Amino acid sequence: MIKQNLLSVRTTIPDQVKLVCVSKFHPEESILEAYQAGERIFGESKVQELCSKKEKLPTDIQWHFIGHLQTNKVKFIVPFVSLIHGVDSIRLLQEINKQANKNQLVVNCLLQVHIATEETKFGFSASEVLELLQTGTLQEFNNVSIRGLMGMATFTDNTQQVRTEFSHLRQLFDSIQKMKSPLLPEFDTLSMGMSDDYPIAIEEGSTMVRIGSRIFGQRIYS
Ligand SMILES: *Cc1c(COP(=O)(O)O)cnc(C)c1O
């Protein structure tokens, strides 16, 4: 089933767009099935679940952390994580930098921008992101590489609204790229699009989609 799902999802994603298979709440066997179909990037949203799966699965998997990350748990994932999508505060960035420094690593991060109208979503506003860059705050973070931005659209059937939100994020991404800031030498990733809205996200310029239920089926929260 997972193989078929992947085949049909893959046909809808252009080659230059990266696919993160969101495996949260799904068992290791499901991840292995996707792995055997050729997938190497998997996304998890709980630190404990990620660490325990990582122990048991092939070492060439690239693990992405896609959830809300608490500062006291950063140390557990920094040694091996490929990309942290949801960096939503300076305090979190500081802690990632500190742990990365301890491990003599540079950790790839995306700044989460709240583009949705919903109040509950975490993240920076567009103007906070621009301010962060202009004030040189990033200068102190030698062990973090800001690779780009991540955003989630409003959960709604109104596709025009979703499109507008993605388009705003793309515009912010483009304008930051145009600055060619020496603080952001590897700014190349725009993570937007999930199972229900990724085709719109791709049309609006996403470079990385995070897809769970369309590949693995419905999650069972217990
Ligand atoms: C769970 C999750 C996804 C995947 O959601 P689906 O609707 O199952 O594709 C993508 N991004 C984030 C941040 C998530 O938490």
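How many nonpolar, polar and charged residues does the shell around the ligand have? That is where I'd like to start today, everyone. By class, there are six nonpolar, three polar and three charged residues in that shell. One thing to keep in mind as we go: this is a predicted model.

Let me name the residues for you. Around the ligand we find Val22, Lys24, Ile66, Met150, Met152 and Met194, along with Ser195, Arg210, Ile211, Gly212, Ser213 and Arg219.

Now for some polar contacts. Ser195 has a side-chain N or O atom 2.5 Å from an oxygen atom of the ligand. Lys24 also uses its side chain, with a polar atom 2.7 Å from a ligand oxygen. Ser213 takes part through its backbone, where a polar atom lies 2.8 Å from an oxygen atom of the ligand. As for cover, on its own the ligand has 390 Å² of accessible area, and the protein covers 90% of that.

Let's step back to the space itself. The ligand occupies the largest pocket, whose volume is about 1,000 Å³. Its lining comprises 41 residues, and those nearest the pocket's centre are Lys24, Met152, Met194, Arg219 and Tyr221. Which elements give two or more residues to that lining? They are the helices α3 (47-56), α7 (159-179) and α9 (213-216), plus the strand β8 (208-211).

And to come back to classes, the lining of this pocket has 15 nonpolar, 15 polar and 11 charged residues. If you have the structure open, Lys24 is a nice place to begin: this residue is in the shell around the ligand and is among those nearest the centre of the largest pocket. Thanks for listening!

Notes
Residues are numbered from 1 along each chain as its sequence is written. This is a predicted model: local features need pLDDT of at least 70, side-chain atom pairs count only at pLDDT 80 or more; totals for chains, interfaces and linings use all residues. Side-chain values use heavy atoms; hydrogens and water are left out. A residue is near a molecule or strand if one of its heavy atoms lies within 4 Å of it. A polar contact is a pair of N or O atoms within 3.5 Å; within protein, one must be able to donate a hydrogen and the other to accept it, and residues adjacent in sequence count only if both atoms are side-chain atoms. Accessible areas come from the Shrake-Rupley method with a 1.4 Å probe; for residues, only the protein chains shown count as cover. On a 1 Å grid over the protein atoms alone, a cavity is a set of points where a 1.4 Å probe fits but cannot get out, and a pocket is an open set with protein on both sides within 12 Å along at least five of seven lines; lining residues have an atom within 4 Å of a point. A molecule sits in a cavity or pocket if more than half of its atoms lie within 2 Å of its grid points. Ala, Val, Leu, Ile, Met, Phe, Trp, Tyr, Cys and Pro count as nonpolar, Asp, Glu, Lys and Arg as charged, and the others, Gly among them, as polar. Grid points are joined across faces, edges and corners, and a volume is the space filled by probe spheres set on the points. Helices (H or I, at least four residues) and strands (E, at least two) are DSSP runs, numbered from the N terminus.
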